[in-house]
Amino acid sequence: MTTSLSTESPATSDLALGVAGLTVTFPGAGRRDVPGVVALQDVGLQVRVGEFVAVVGPSGCGKSTLLRVLAGLTPTGATVTGGAVTRLVNPAGGPATAWMPQRDGLLPWRRALPNALVGARIAGMDRAVADERARALFDEFGLAGFERSWPHELSGGMRQRLALLRTCLPGRPVLLLDEPFGALDAITRRRMNAWLAGLDLAGHGRAVVLVTHDVDEALLLADRVVVLSDRPGRVVLDLPVPRDGTQDARRTLLDALDPHGGS
């Protein structure tokens, strides 16, 4: 990775994540004379503690790349320029973000409870504390009674709940979710969205950034929806979600996603 970002700085006040003027370029494929691909250009974003922000945009506009940069997981080979990335840090100065990729990533040779504990063990949580918290979350996430199930014995929705539980378990205050329900069928996805909407992930001093292709999912779950343009991705809309009806907001988002009306 080539980078000219200034040094990462801890978040101040209630700012959980922030980036200004972010540009990410990938090298051209195969030959030196092939120009690089600019995935993101001059992107600015701020997320405050207690906010749930959804990022939507066309395929290939850099949504997942943005999430990776915010997580400190910039793709290998990318050139990153712009202002400093601001992130919350824990009291020891380590990362305070937890990232959930598109695939559930469950280990097929581990039962559900040991799978849930993987992130906590990596984060250095006390084994007994992690185990007690995991068992409580199994109940909260609708998985009680499945602690000893193998991943292949779980439905798609249950696997995604388990993956999200694993992400939340270490208690990091910033959650970065990359299309967590993108692989599910429409009915299961709708049920998962309803379940997640009632979970209050952004409560208790947390902040959440969700990448999704689904406008209705974004409006249901988020406090704000950020729209990226076609590649190179730029922020073309930052829309607070009204709580007294979302039809006008939905129309605004669709217009921002397709400014030419399909022509």
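User: What share of the 263 residues of the protein chain count as buried?
Analyst: The model is a predicted one. A residue is taken as buried when its relative accessible area is under 20%. Of the 263 residues of the protein chain, the share that meets this description is 45%.

User: How many helices and strands are there in the protein chain?
Analyst: Helices and strands are counted along the protein chain. The count comes to 8 helices and 12 strands.

User: In what order do the 6 strands of the open sheet stand?
Analyst: The pairing within this open sheet is mixed. Neighbouring strands are turned against each other by 15° on average, direction ignored. The order of the 6 strands is β8-β9-β10-β5-β11-β12.

User: Why is one side of β8 and of β12 left without a neighbour in the sheet?
Analyst: The open sheet runs in the order β8-β9-β10-β5-β11-β12. Strands β8 (97-100) and β12 (235-240) are found at its edges. One side of each is without a neighbour in the sheet because each has a single partner strand.

User: Which residue of β10 is the bridge partner of L176?
Analyst: Strand β9, residues 174-178, and strand β10, residues 207-211, pair in the parallel sense. Their pairing extends over 5 bridges. Within β10, the bridge partner of L176 is V209.

User: Which strands does helix α1 touch where it packs on the sheet?
Analyst: Helix α1 covers residues 63-71, and its direction makes about 155° with that of β9. The strands touched by α1 are β5 (52-56), β8, β9, β10 and β11 (224-228).

User: Which residues of α1 are buried?
Analyst: Helix α1 is mostly covered, with 7 of its 9 residues buried. Just after this helix, G72 takes a positive phi of about 80°. The buried residues of α1 are K63, T65, L66, L67, V69, L70 and A71.

User: Which residues of β5 lie on each of its two faces?
Analyst: In a regular strand, side chains alternate between the two faces of the sheet. Strand β5 is mostly covered, as 5 of its 5 residues are buried. One side carries F52, A54 and V56, and the other carries V53 and V55.

User: Which residue of β11 stands opposite V53?
Analyst: Strand β5 pairs in the parallel sense with β10 over 4 bridges, and A54 stands opposite L210 there. Strand β5 also pairs with β11 in the parallel sense over 4 bridges. In β11, the residue opposite V53 is R224.

User: At roughly what angle do the axes of α5 and helix α6 cross?
Analyst: The axes of α5 and α6 (residues 186-197) come within 10 Å. Their crossing is right-handed. The angle is roughly 35°.

User: How do the residues of the contact of α5 with α6 divide into nonpolar, polar and charged?
Analyst: From α5, the contact involves G157, Q160, R161 and L164. From α6, T188, M192, W195 and L196 take part. The residues of this contact divide into 4 nonpolar, 3 polar and 1 charged.

User: Is T167 buried or exposed?
Analyst: T167 is found in helix α5. Leaving aside neighbours within four places in sequence, T167 is in contact with A98, W99, M100 and L175. Buried means under 20% relative accessible area. T167 has a relative accessibility of 6%, and therefore counts as buried.

User: Where does P232 lie?
Analyst: The peptide bond from R231 to P232 is cis, with omega near -5°. P232 lies in the loop between β11 and β12.

User: What is the relative accessible area of E179?
Analyst: E179 is found in the loop between β9 and α6. Phi of E179 is near 45°, a positive value in a residue other than glycine. E179 is buried, and its relative accessible area is 11%.

User: Does D200 count as buried or as partly exposed?
Analyst: D200 is placed in the loop between α6 and β10, and its phi is near 55°, a positive value in a residue other than glycine. Residues between 20% and 50% relative accessible area are classed as partly exposed. The relative accessibility of D200 is 44%, so D200 counts as partly exposed.

Definitions and conventions: Residues are numbered from 1 along each chain as its sequence is written. This is a predicted model: local features need pLDDT of at least 70, side-chain atom pairs count only at pLDDT 80 or more; totals for chains, interfaces and linings use all residues. Side-chain values use heavy atoms; hydrogens and water are left out. Two strands pair if DSSP finds at least two bridges between them. Axes are lines fitted to C-alpha atoms, for helices over the stretch in contact, and angles run from 0 to 180 degrees between N-to-C directions. Contact means heavy atoms within 4.5 Å. A crossing is left-handed if the near helix is turned anticlockwise from the far one by less than a right angle, and right-handed if clockwise. Ala, Val, Leu, Ile, Met, Phe, Trp, Tyr, Cys and Pro count as nonpolar, Asp, Glu, Lys and Arg as charged, and the others, Gly among them, as polar. Buried means under 20% relative accessible area, exposed over 50%, partly exposed in between (1.4 Å probe, protein chains only).
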